[in-house]
Amino acid sequence: MSASVKELQEFDREHIWHPACQMKDYEDFPAIPVVRGKGPYLYTADGKEILDIISSWWCNLLGHCNEEISEAIAKQAKTLEHVIFANFTHPYAIDLVKELLTIVPKGIEHFNFADNGSSAIEMALKIAFQYQHQIGQTQRTLFACLSDGYHGETIGALSVGSMDLYNLMYKPMMMENIHIEAPDLFLRADESIETSIEKAKAVFEKYHDKLCALIVEPLLQGAAGMRIYPKEYLKALYQLCKQYNVLFIADEIATGFGRTGKWFACDHAQITPDIMCLSKAITGGYMPMSVVCTTKEVYNAFLADYSEGKAFLHSHTYAGNPLACAAALTVIKILKRDHIIEKANVLGEWLSEEFRKRFEALDYVGQVRHIGLINVLELVKDKNTKQRYPSSLRVGYKIYQDALKEGLLLRPIGDTLYFNPPLNIQKEDLIKAMDLAFKVIDRNMKQLREKI
Ligand SMILES: Cc1ncc(COP(=O)(O)O)c(C=O)c1O
(Lines give C-alpha, C1' and ligand atoms only; values in the text may rest on other atoms or scores of the structure.)
Protein backbone atom coordinates (compact mmCIF):
# COMPACT_ATOMS: atom_id res chain seq x y z
CA MET A 1 0.00 0.00 0.00
CA SER A 2 1.60 3.23 -1.06
CA ALA A 3 -1.04 5.72 0.11
CA SER A 4 -1.74 6.07 3.81
CA VAL A 5 -5.22 5.47 5.17
CA LYS A 6 -5.62 9.19 5.72
CA GLU A 7 -4.66 9.99 2.13
CA LEU A 8 -7.09 7.40 0.80
CA GLN A 9 -9.87 8.78 2.93
CA GLU A 10 -9.15 12.37 1.98
CA PHE A 11 -9.12 11.60 -1.73
CA ASP A 12 -12.26 9.52 -1.36
CA ARG A 13 -14.10 12.29 0.46
CA GLU A 14 -12.98 14.82 -2.11
CA HIS A 15 -14.12 12.89 -5.18
CA ILE A 16 -16.19 9.76 -4.58
CA TRP A 17 -19.96 9.75 -4.16
CA HIS A 18 -20.95 6.60 -2.26
CA PRO A 19 -24.23 4.72 -2.60
CA ALA A 20 -27.24 5.46 -0.39
CA CYS A 21 -25.39 7.87 1.92
CA GLN A 22 -25.52 11.45 3.09
CA MET A 23 -21.98 12.37 2.07
CA LYS A 24 -21.77 14.97 4.83
CA ASP A 25 -21.72 12.07 7.30
CA TYR A 26 -18.35 11.13 5.79
CA GLU A 27 -16.81 14.26 7.29
CA ASP A 28 -17.03 12.65 10.73
CA PHE A 29 -17.09 9.05 9.63
CA PRO A 30 -14.97 8.60 6.51
CA ALA A 31 -15.11 5.55 4.23
CA ILE A 32 -13.03 2.65 5.49
CA PRO A 33 -10.41 1.58 2.94
CA VAL A 34 -10.54 -2.21 2.51
CA VAL A 35 -7.66 -3.89 0.73
CA ARG A 36 -8.29 -7.61 1.11
CA GLY A 37 -10.91 -10.20 1.96
CA LYS A 38 -10.94 -13.81 3.08
CA GLY A 39 -13.97 -15.90 4.03
CA PRO A 40 -16.35 -13.73 6.06
CA TYR A 41 -13.54 -11.25 6.86
CA LEU A 42 -12.45 -7.98 5.29
CA TYR A 43 -9.06 -6.42 6.00
CA THR A 44 -8.55 -2.68 6.08
CA ALA A 45 -5.58 -0.69 4.78
CA ASP A 46 -4.37 -0.23 8.35
CA GLY A 47 -4.55 -3.96 9.03
CA LYS A 48 -7.84 -4.22 10.95
CA GLU A 49 -10.10 -7.24 10.56
CA ILE A 50 -13.83 -6.73 9.95
CA LEU A 51 -16.32 -9.57 10.16
CA ASP A 52 -18.73 -9.02 7.27
CA ILE A 53 -21.93 -10.46 8.71
CA ILE A 54 -24.14 -8.96 5.98
CA SER A 55 -22.29 -10.52 3.02
CA SER A 56 -21.50 -7.04 1.63
CA TRP A 57 -25.13 -6.17 0.79
CA TRP A 58 -26.16 -9.85 0.72
CA CYS A 59 -24.22 -10.84 -2.39
CA ASN A 60 -21.17 -12.57 -0.97
CA LEU A 61 -22.49 -16.13 -0.78
CA LEU A 62 -19.40 -18.26 -0.25
CA GLY A 63 -16.95 -15.95 1.47
CA HIS A 64 -14.58 -13.30 0.16
CA CYS A 65 -11.82 -14.48 -2.16
CA ASN A 66 -13.13 -18.00 -2.40
CA GLU A 67 -10.28 -19.79 -4.13
CA GLU A 68 -12.36 -21.80 -6.57
CA ILE A 69 -14.36 -18.81 -7.76
CA SER A 70 -11.24 -16.63 -8.02
CA GLU A 71 -9.50 -19.31 -10.07
CA ALA A 72 -12.49 -19.81 -12.36
CA ILE A 73 -12.60 -16.09 -13.13
CA ALA A 74 -8.83 -15.89 -13.64
CA LYS A 75 -8.95 -18.85 -16.05
CA GLN A 76 -11.89 -17.33 -17.88
CA ALA A 77 -10.10 -13.98 -18.14
CA LYS A 78 -7.32 -15.68 -20.07
CA THR A 79 -9.78 -17.32 -22.47
CA LEU A 80 -12.59 -14.89 -23.26
CA GLU A 81 -13.34 -11.85 -21.15
CA HIS A 82 -16.35 -10.54 -23.05
CA VAL A 83 -18.15 -10.70 -26.34
CA ILE A 84 -21.20 -8.89 -27.65
CA PHE A 85 -24.16 -11.15 -26.78
CA ALA A 86 -26.39 -10.11 -29.70
CA ASN A 87 -25.98 -12.74 -32.42
CA PHE A 88 -23.13 -14.35 -30.48
CA THR A 89 -23.13 -16.93 -27.74
CA HIS A 90 -20.46 -18.84 -25.83
CA PRO A 91 -20.12 -22.16 -24.00
CA TYR A 92 -19.80 -20.36 -20.64
CA ALA A 93 -23.31 -18.91 -20.81
CA ILE A 94 -24.62 -22.17 -22.22
CA ASP A 95 -23.06 -24.19 -19.38
CA LEU A 96 -24.48 -21.73 -16.86
CA VAL A 97 -27.98 -21.95 -18.30
CA LYS A 98 -27.76 -25.76 -18.33
CA GLU A 99 -27.02 -25.57 -14.60
CA LEU A 100 -29.71 -22.96 -13.94
CA LEU A 101 -32.21 -25.28 -15.62
CA THR A 102 -31.46 -27.92 -12.97
CA ILE A 103 -32.27 -25.60 -10.06
CA VAL A 104 -34.97 -23.12 -11.11
CA PRO A 105 -38.65 -23.95 -10.55
CA LYS A 106 -39.92 -26.40 -13.17
CA GLY A 107 -41.37 -24.56 -16.15
CA ILE A 108 -38.81 -21.75 -16.22
CA GLU A 109 -37.01 -22.24 -19.54
CA HIS A 110 -35.67 -18.94 -20.90
CA PHE A 111 -32.92 -16.73 -19.56
CA ASN A 112 -32.18 -13.10 -20.46
CA PHE A 113 -29.01 -11.60 -19.00
CA ALA A 114 -28.30 -8.16 -17.53
CA ASP A 115 -25.77 -6.89 -15.02
CA ASN A 116 -27.53 -5.75 -11.84
CA GLY A 117 -30.73 -6.26 -9.90
CA SER A 118 -32.49 -3.05 -10.87
CA SER A 119 -31.85 -3.70 -14.56
CA ALA A 120 -33.38 -7.15 -14.19
CA ILE A 121 -36.48 -5.57 -12.64
CA GLU A 122 -36.75 -3.04 -15.48
CA MET A 123 -36.49 -5.88 -17.93
CA ALA A 124 -39.09 -7.97 -16.10
CA LEU A 125 -41.56 -5.05 -16.08
CA LYS A 126 -41.06 -4.39 -19.78
CA ILE A 127 -41.40 -8.08 -20.65
CA ALA A 128 -44.64 -8.31 -18.64
CA PHE A 129 -46.05 -5.16 -20.21
CA GLN A 130 -45.14 -6.20 -23.74
CA TYR A 131 -46.37 -9.75 -23.17
CA GLN A 132 -49.85 -8.52 -22.24
CA HIS A 133 -49.85 -6.19 -25.22
CA GLN A 134 -48.82 -8.94 -27.61
CA ILE A 135 -51.47 -11.38 -26.44
CA GLY A 136 -54.09 -8.68 -27.02
CA GLN A 137 -54.56 -7.55 -23.41
CA THR A 138 -53.62 -3.95 -24.17
CA GLN A 139 -55.72 -2.58 -21.31
CA ARG A 140 -53.46 -4.34 -18.79
CA THR A 141 -51.01 -1.55 -18.05
CA LEU A 142 -50.78 -1.45 -14.25
CA PHE A 143 -48.47 -3.30 -11.90
CA ALA A 144 -49.46 -4.49 -8.46
CA CYS A 145 -46.86 -4.61 -5.72
CA LEU A 146 -46.63 -5.09 -1.97
CA SER A 147 -46.44 -2.36 0.65
CA ASP A 148 -42.87 -1.75 1.77
CA GLY A 149 -41.59 -3.74 -1.19
CA TYR A 150 -38.20 -2.89 -2.64
CA HIS A 151 -37.00 -3.76 -6.12
CA GLY A 152 -34.10 -1.41 -6.77
CA GLU A 153 -33.38 2.22 -7.48
CA THR A 154 -34.01 2.85 -11.16
CA ILE A 155 -37.25 4.64 -12.00
CA GLY A 156 -39.26 1.56 -13.01
CA ALA A 157 -37.96 -0.42 -10.05
CA LEU A 158 -38.75 2.48 -7.68
CA SER A 159 -42.25 2.65 -9.16
CA VAL A 160 -43.02 -0.89 -8.06
CA GLY A 161 -41.33 -0.32 -4.74
CA SER A 162 -43.29 1.10 -1.85
CA MET A 163 -40.67 2.56 0.44
CA ASP A 164 -41.08 6.30 0.78
CA LEU A 165 -37.51 6.63 1.99
CA TYR A 166 -36.31 5.86 -1.53
CA ASN A 167 -39.36 6.91 -3.58
CA LEU A 168 -40.78 10.13 -2.30
CA MET A 169 -38.44 12.54 -4.09
CA TYR A 170 -39.02 10.89 -7.46
CA LYS A 171 -42.81 10.42 -7.30
CA PRO A 172 -43.45 12.87 -10.18
CA MET A 173 -41.21 10.74 -12.40
CA MET A 174 -42.77 7.43 -11.42
CA MET A 175 -45.61 5.40 -12.91
CA GLU A 176 -48.80 4.78 -10.93
CA ASN A 177 -49.13 1.37 -9.44
CA ILE A 178 -51.48 -0.59 -7.24
CA HIS A 179 -50.25 -1.27 -3.74
CA ILE A 180 -51.37 -4.27 -1.71
CA GLU A 181 -50.90 -4.16 2.05
CA ALA A 182 -48.46 -6.95 2.86
CA PRO A 183 -48.49 -8.80 6.18
CA ASP A 184 -46.31 -7.35 8.92
CA LEU A 185 -45.79 -10.07 11.48
CA PHE A 186 -44.03 -7.66 13.80
CA LEU A 187 -46.07 -4.44 13.95
CA ARG A 188 -49.39 -6.05 13.00
CA ALA A 189 -48.71 -9.44 14.53
CA ASP A 190 -52.31 -10.01 15.57
CA GLU A 191 -53.60 -9.60 12.02
CA SER A 192 -54.14 -13.03 10.48
CA ILE A 193 -52.71 -14.10 7.15
CA GLU A 194 -56.29 -14.69 5.99
CA THR A 195 -56.92 -10.97 6.52
CA SER A 196 -53.89 -10.09 4.40
CA ILE A 197 -55.08 -12.50 1.71
CA GLU A 198 -58.55 -10.88 1.80
CA LYS A 199 -56.92 -7.47 1.26
CA ALA A 200 -55.05 -8.82 -1.77
CA LYS A 201 -58.26 -10.39 -3.09
CA ALA A 202 -60.06 -7.07 -2.83
CA VAL A 203 -57.34 -5.40 -4.91
CA PHE A 204 -57.50 -8.12 -7.56
CA GLU A 205 -61.30 -7.94 -7.69
CA LYS A 206 -61.17 -4.20 -8.23
CA TYR A 207 -58.30 -3.92 -10.70
CA HIS A 208 -57.80 -7.37 -12.23
CA ASP A 209 -58.62 -6.46 -15.84
CA LYS A 210 -56.14 -3.58 -15.72
CA LEU A 211 -53.34 -5.53 -14.06
CA CYS A 212 -50.41 -6.57 -16.16
CA ALA A 213 -48.39 -8.27 -13.40
CA LEU A 214 -47.86 -8.55 -9.69
CA ILE A 215 -44.28 -8.22 -8.49
CA VAL A 216 -43.19 -9.50 -5.09
CA GLU A 217 -40.12 -10.28 -3.05
CA PRO A 218 -41.06 -13.84 -2.16
CA LEU A 219 -41.22 -14.59 1.61
CA LEU A 220 -38.62 -12.00 2.60
CA GLN A 221 -38.98 -8.24 2.18
CA GLY A 222 -35.32 -7.41 2.66
CA ALA A 223 -35.00 -3.64 2.47
CA ALA A 224 -38.25 -3.24 4.44
CA GLY A 225 -36.31 -4.64 7.39
CA MET A 226 -36.00 -8.36 6.66
CA ARG A 227 -39.73 -8.84 7.05
CA ILE A 228 -40.77 -12.44 6.66
CA TYR A 229 -44.23 -13.57 5.58
CA PRO A 230 -45.52 -17.14 5.36
CA LYS A 231 -45.51 -19.27 2.23
CA GLU A 232 -49.33 -19.48 2.40
CA TYR A 233 -49.51 -15.78 1.57
CA LEU A 234 -47.09 -16.17 -1.32
CA LYS A 235 -49.11 -19.08 -2.66
CA ALA A 236 -52.38 -17.15 -2.33
CA LEU A 237 -50.91 -14.22 -4.30
CA TYR A 238 -49.76 -16.62 -6.99
CA GLN A 239 -53.20 -18.23 -7.18
CA LEU A 240 -54.86 -14.83 -7.51
CA CYS A 241 -52.55 -14.07 -10.43
CA LYS A 242 -53.46 -17.35 -12.10
CA GLN A 243 -57.19 -16.79 -11.46
CA TYR A 244 -57.11 -13.35 -13.07
CA ASN A 245 -54.47 -13.96 -15.81
CA VAL A 246 -52.06 -11.54 -14.19
CA LEU A 247 -48.36 -12.35 -14.60
CA PHE A 248 -46.51 -13.25 -11.42
CA ILE A 249 -43.02 -11.74 -11.14
CA ALA A 250 -40.80 -13.12 -8.38
CA ASP A 251 -37.95 -10.82 -7.44
CA GLU A 252 -35.51 -13.42 -6.10
CA ILE A 253 -32.60 -10.99 -6.27
CA ALA A 254 -32.08 -11.10 -2.51
CA THR A 255 -33.70 -14.47 -1.78
CA GLY A 256 -32.19 -16.68 -4.50
CA PHE A 257 -29.40 -19.22 -4.10
CA GLY A 258 -30.23 -20.60 -0.69
CA ARG A 259 -30.76 -17.42 1.30
CA THR A 260 -34.17 -18.59 2.59
CA GLY A 261 -33.17 -22.23 3.03
CA LYS A 262 -34.12 -23.48 -0.45
CA TRP A 263 -32.61 -22.66 -3.82
CA PHE A 264 -35.35 -20.08 -4.33
CA ALA A 265 -37.96 -18.67 -1.96
CA CYS A 266 -40.69 -19.67 -4.45
CA ASP A 267 -39.71 -23.30 -3.84
CA HIS A 268 -41.18 -23.06 -0.32
CA ALA A 269 -44.61 -22.44 -1.86
CA GLN A 270 -43.96 -24.84 -4.78
CA ILE A 271 -44.81 -22.25 -7.37
CA THR A 272 -43.31 -21.40 -10.74
CA PRO A 273 -43.34 -17.66 -11.38
CA ASP A 274 -44.00 -16.47 -14.92
CA ILE A 275 -40.95 -14.24 -14.58
CA MET A 276 -38.16 -14.58 -12.03
CA CYS A 277 -35.31 -12.10 -11.42
CA LEU A 278 -31.94 -13.26 -10.12
CA SER A 279 -28.82 -11.32 -9.18
CA LYS A 280 -26.64 -10.65 -6.09
CA ALA A 281 -25.56 -14.14 -4.87
CA ILE A 282 -25.66 -15.66 -8.36
CA THR A 283 -21.94 -14.91 -8.82
CA GLY A 284 -21.13 -15.27 -5.13
CA GLY A 285 -20.75 -11.50 -5.00
CA TYR A 286 -17.85 -11.54 -7.47
CA MET A 287 -19.22 -10.06 -10.68
CA PRO A 288 -22.23 -7.92 -11.53
CA MET A 289 -24.77 -10.19 -13.19
CA SER A 290 -28.53 -10.56 -13.27
CA VAL A 291 -30.84 -12.89 -15.12
CA VAL A 292 -34.50 -12.58 -15.99
CA CYS A 293 -35.94 -16.05 -16.32
CA THR A 294 -39.31 -16.76 -17.95
CA THR A 295 -41.62 -19.60 -18.82
CA LYS A 296 -42.05 -20.74 -22.41
CA GLU A 297 -45.49 -19.16 -22.52
CA VAL A 298 -44.05 -15.71 -21.84
CA TYR A 299 -41.15 -16.22 -24.25
CA ASN A 300 -43.39 -17.47 -27.05
CA ALA A 301 -45.41 -14.24 -27.04
CA PHE A 302 -42.32 -12.49 -28.43
CA LEU A 303 -41.57 -14.99 -31.21
CA ALA A 304 -42.73 -13.81 -34.62
CA ASP A 305 -41.48 -12.57 -37.96
CA TYR A 306 -39.39 -9.46 -37.39
CA SER A 307 -41.87 -7.37 -39.37
CA GLU A 308 -44.55 -8.01 -36.71
CA GLY A 309 -42.53 -5.85 -34.27
CA LYS A 310 -42.82 -8.31 -31.39
CA ALA A 311 -39.14 -8.60 -30.53
CA PHE A 312 -37.97 -7.64 -27.07
CA LEU A 313 -35.66 -4.80 -28.08
CA HIS A 314 -33.83 -4.43 -24.81
CA SER A 315 -30.10 -4.76 -24.24
CA HIS A 316 -27.30 -4.27 -21.75
CA THR A 317 -23.69 -4.08 -22.93
CA TYR A 318 -22.44 -6.62 -20.42
CA ALA A 319 -25.24 -9.17 -20.98
CA GLY A 320 -23.90 -12.71 -20.67
CA ASN A 321 -20.44 -11.57 -19.58
CA PRO A 322 -18.24 -14.70 -19.60
CA LEU A 323 -16.35 -13.75 -16.42
CA ALA A 324 -19.66 -13.49 -14.55
CA CYS A 325 -20.80 -16.77 -16.13
CA ALA A 326 -17.63 -18.49 -14.89
CA ALA A 327 -18.25 -17.18 -11.37
CA ALA A 328 -21.93 -18.19 -11.38
CA LEU A 329 -21.17 -21.64 -12.72
CA THR A 330 -18.64 -22.19 -9.94
CA VAL A 331 -21.09 -20.93 -7.30
CA ILE A 332 -23.72 -23.46 -8.38
CA LYS A 333 -21.10 -26.23 -8.56
CA ILE A 334 -19.95 -25.53 -4.98
CA LEU A 335 -23.50 -25.20 -3.62
CA LYS A 336 -24.42 -28.58 -5.10
CA ARG A 337 -21.19 -30.48 -4.46
CA ASP A 338 -20.72 -29.34 -0.84
CA HIS A 339 -24.43 -29.44 0.10
CA ILE A 340 -24.03 -25.85 1.24
CA ILE A 341 -27.75 -25.01 1.47
CA GLU A 342 -28.53 -28.11 3.55
CA LYS A 343 -25.63 -27.34 5.90
CA ALA A 344 -26.60 -23.67 6.13
CA ASN A 345 -30.11 -24.73 7.17
CA VAL A 346 -28.72 -26.74 10.08
CA LEU A 347 -26.55 -23.78 11.05
CA GLY A 348 -29.54 -21.44 10.61
CA GLU A 349 -31.62 -23.44 13.11
CA TRP A 350 -28.78 -23.37 15.62
CA LEU A 351 -28.21 -19.65 15.08
CA SER A 352 -31.87 -18.80 15.53
CA GLU A 353 -31.91 -20.72 18.81
CA GLU A 354 -28.81 -18.79 19.95
CA PHE A 355 -30.38 -15.50 18.85
CA ARG A 356 -33.45 -16.25 20.89
CA LYS A 357 -31.42 -17.23 23.95
CA ARG A 358 -29.23 -14.14 23.74
CA PHE A 359 -31.54 -11.42 22.56
CA GLU A 360 -35.23 -12.24 22.93
CA ALA A 361 -35.65 -11.42 26.61
CA LEU A 362 -33.80 -8.08 26.44
CA ASP A 363 -36.16 -5.23 27.18
CA TYR A 364 -35.06 -3.29 24.08
CA VAL A 365 -35.63 -6.19 21.69
CA GLY A 366 -39.14 -6.25 20.23
CA GLN A 367 -38.81 -9.39 18.14
CA VAL A 368 -36.32 -12.01 17.01
CA ARG A 369 -37.04 -13.89 13.78
CA HIS A 370 -35.26 -15.91 11.14
CA ILE A 371 -35.41 -17.55 7.73
CA GLY A 372 -32.58 -19.69 6.41
CA LEU A 373 -29.37 -18.29 7.84
CA ILE A 374 -30.84 -14.78 8.07
CA ASN A 375 -31.49 -13.77 11.68
CA VAL A 376 -33.14 -10.51 12.61
CA LEU A 377 -33.81 -8.47 15.72
CA GLU A 378 -35.99 -5.41 16.16
CA LEU A 379 -34.82 -2.71 18.57
CA VAL A 380 -37.64 -0.92 20.35
CA LYS A 381 -38.18 1.76 22.93
CA ASP A 382 -41.05 -0.12 24.48
CA LYS A 383 -41.24 -3.89 24.28
CA ASN A 384 -44.97 -4.02 25.04
CA THR A 385 -46.19 -1.42 22.60
CA LYS A 386 -43.35 -2.09 20.07
CA GLN A 387 -42.83 1.66 19.90
CA ARG A 388 -39.58 2.51 18.16
CA TYR A 389 -37.12 5.28 18.92
CA PRO A 390 -37.58 8.42 16.81
CA SER A 391 -35.67 8.01 13.55
CA SER A 392 -33.90 11.33 14.26
CA LEU A 393 -31.89 9.51 16.95
CA ARG A 394 -30.40 7.26 14.24
CA VAL A 395 -30.12 4.38 16.70
CA GLY A 396 -29.27 1.78 14.05
CA TYR A 397 -26.71 4.05 12.41
CA LYS A 398 -24.91 4.65 15.71
CA ILE A 399 -24.81 0.92 16.37
CA TYR A 400 -23.42 0.44 12.87
CA GLN A 401 -20.60 2.91 13.52
CA ASP A 402 -19.82 1.44 16.92
CA ALA A 403 -19.88 -2.14 15.58
CA LEU A 404 -17.36 -1.19 12.89
CA LYS A 405 -15.00 0.09 15.55
CA GLU A 406 -15.29 -3.35 17.17
CA GLY A 407 -14.60 -5.12 13.85
CA LEU A 408 -18.15 -6.10 12.88
CA LEU A 409 -19.90 -5.02 9.71
CA LEU A 410 -23.51 -4.94 10.87
CA ARG A 411 -25.59 -2.62 8.70
CA PRO A 412 -28.97 -2.11 10.34
CA ILE A 413 -32.02 -1.08 8.33
CA GLY A 414 -33.44 1.64 10.56
CA ASP A 415 -33.54 -0.05 13.96
CA THR A 416 -33.73 -3.55 12.49
CA LEU A 417 -30.48 -5.44 12.96
CA TYR A 418 -29.73 -8.61 11.07
CA PHE A 419 -27.15 -11.22 10.18
CA ASN A 420 -27.11 -12.38 6.55
CA PRO A 421 -23.70 -14.05 6.37
CA PRO A 422 -22.10 -16.19 3.66
CA LEU A 423 -23.77 -19.62 3.69
CA ASN A 424 -20.47 -21.39 4.39
CA ILE A 425 -19.58 -19.31 7.45
CA GLN A 426 -18.17 -21.27 10.39
CA LYS A 427 -19.95 -21.57 13.74
CA GLU A 428 -17.08 -19.89 15.59
CA ASP A 429 -17.39 -16.82 13.37
CA LEU A 430 -21.10 -16.64 14.10
CA ILE A 431 -20.40 -16.89 17.82
CA LYS A 432 -17.86 -14.09 17.48
CA ALA A 433 -20.38 -11.98 15.56
CA MET A 434 -23.04 -12.57 18.23
CA ASP A 435 -20.63 -11.64 21.02
CA LEU A 436 -19.60 -8.44 19.25
CA ALA A 437 -23.19 -7.58 18.31
CA PHE A 438 -24.38 -8.07 21.86
CA LYS A 439 -21.55 -5.96 23.28
CA VAL A 440 -22.26 -3.09 20.90
CA ILE A 441 -26.06 -3.21 21.05
CA ASP A 442 -26.17 -3.48 24.81
CA ARG A 443 -23.71 -0.62 25.25
CA ASN A 444 -25.61 1.65 22.87
CA MET A 445 -29.06 0.82 24.19
CA LYS A 446 -28.00 1.38 27.79
CA GLN A 447 -26.43 4.75 26.88
CA LEU A 448 -29.60 5.71 25.02
CA ARG A 449 -31.80 4.81 27.98
CA GLU A 450 -29.64 6.85 30.32
CA LYS A 451 -29.99 9.86 28.02
CA ILE A 452 -33.75 9.67 27.51
C1 LIG B 1 -35.21 -7.63 -3.66
C2 LIG B 1 -34.29 -6.72 -4.41
N3 LIG B 1 -34.57 -6.40 -5.68
C4 LIG B 1 -33.77 -5.60 -6.40
C5 LIG B 1 -32.62 -5.07 -5.85
C6 LIG B 1 -31.75 -4.14 -6.67
O7 LIG B 1 -30.54 -4.75 -7.02
P8 LIG B 1 -29.29 -3.83 -7.43
O9 LIG B 1 -28.83 -3.16 -6.19
O10 LIG B 1 -28.28 -4.82 -7.96
O11 LIG B 1 -29.76 -2.89 -8.48
C12 LIG B 1 -32.29 -5.37 -4.53
C13 LIG B 1 -31.09 -4.80 -3.89
O14 LIG B 1 -30.90 -4.83 -2.70
C15 LIG B 1 -33.16 -6.21 -3.79
O16 LIG B 1 -32.91 -6.52 -2.51
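This is a short walk through the two domains, one sheet and the ligand site of the structure. Before anything else, keep in mind that we're looking at a predicted model.

Okay, domains. The assignment splits the protein chain in two: domain 1 is made of 32–65 plus 339–451, and domain 2 runs over 69–337. Going by C-alpha atoms, their centres sit 27 Å apart. Where they touch, domain 1 puts in 27 residues and domain 2 puts in 25.

So what supplies the side of domain 1 that touches domain 2? You get at least two residues each from α3 (55–58), α14 (340–360), β13 (365–371), β14 (374–379) and β16 (416–419). The top contributor is α14, which gives five residues. As for chemistry, that side of domain 1 has 14 nonpolar residues, ten polar and three charged.

Now, three of those names come back in a sheet. β13, β14 and β16 line up in that order as an open, antiparallel sheet. β13 and β16 are the edge strands, each pairing on one side only, and the average twist from one strand to the next is 15°. If you want to look at one pairing, take β14 with β16: four bridges, antiparallel. There, Val376 has Tyr418 in β16 as its bridge partner.

Last stop, the ligand. There are 14 residues around the ligand, and the nearest are Gly117, Ser118, Gly152, Ile253 and Ala254. Which helix gives the most to that shell? That's α6, residues 117–134, with three residues. Sorted by class, the shell comes out as seven polar, five nonpolar and two charged.

That's my tour, thanks.

Technical notes. Residues are numbered from 1 along each chain as its sequence is written. This is a predicted model: local features need pLDDT of at least 70, side-chain atom pairs count only at pLDDT 80 or more; totals for chains, interfaces and linings use all residues. Domain bounds come from an automatic or database domain assignment. Two residues are in contact if their C-beta atoms, placed from the backbone, lie within 7 Å. Ala, Val, Leu, Ile, Met, Phe, Trp, Tyr, Cys and Pro count as nonpolar, Asp, Glu, Lys and Arg as charged, and the others, Gly among them, as polar. A residue is near a molecule or strand if its C-beta atom, placed from the backbone, lies within 6 Å of it. Two strands pair if DSSP finds at least two bridges between them. Axes are lines fitted to C-alpha atoms, for helices over the stretch in contact, and angles run from 0 to 180 degrees between N-to-C directions.
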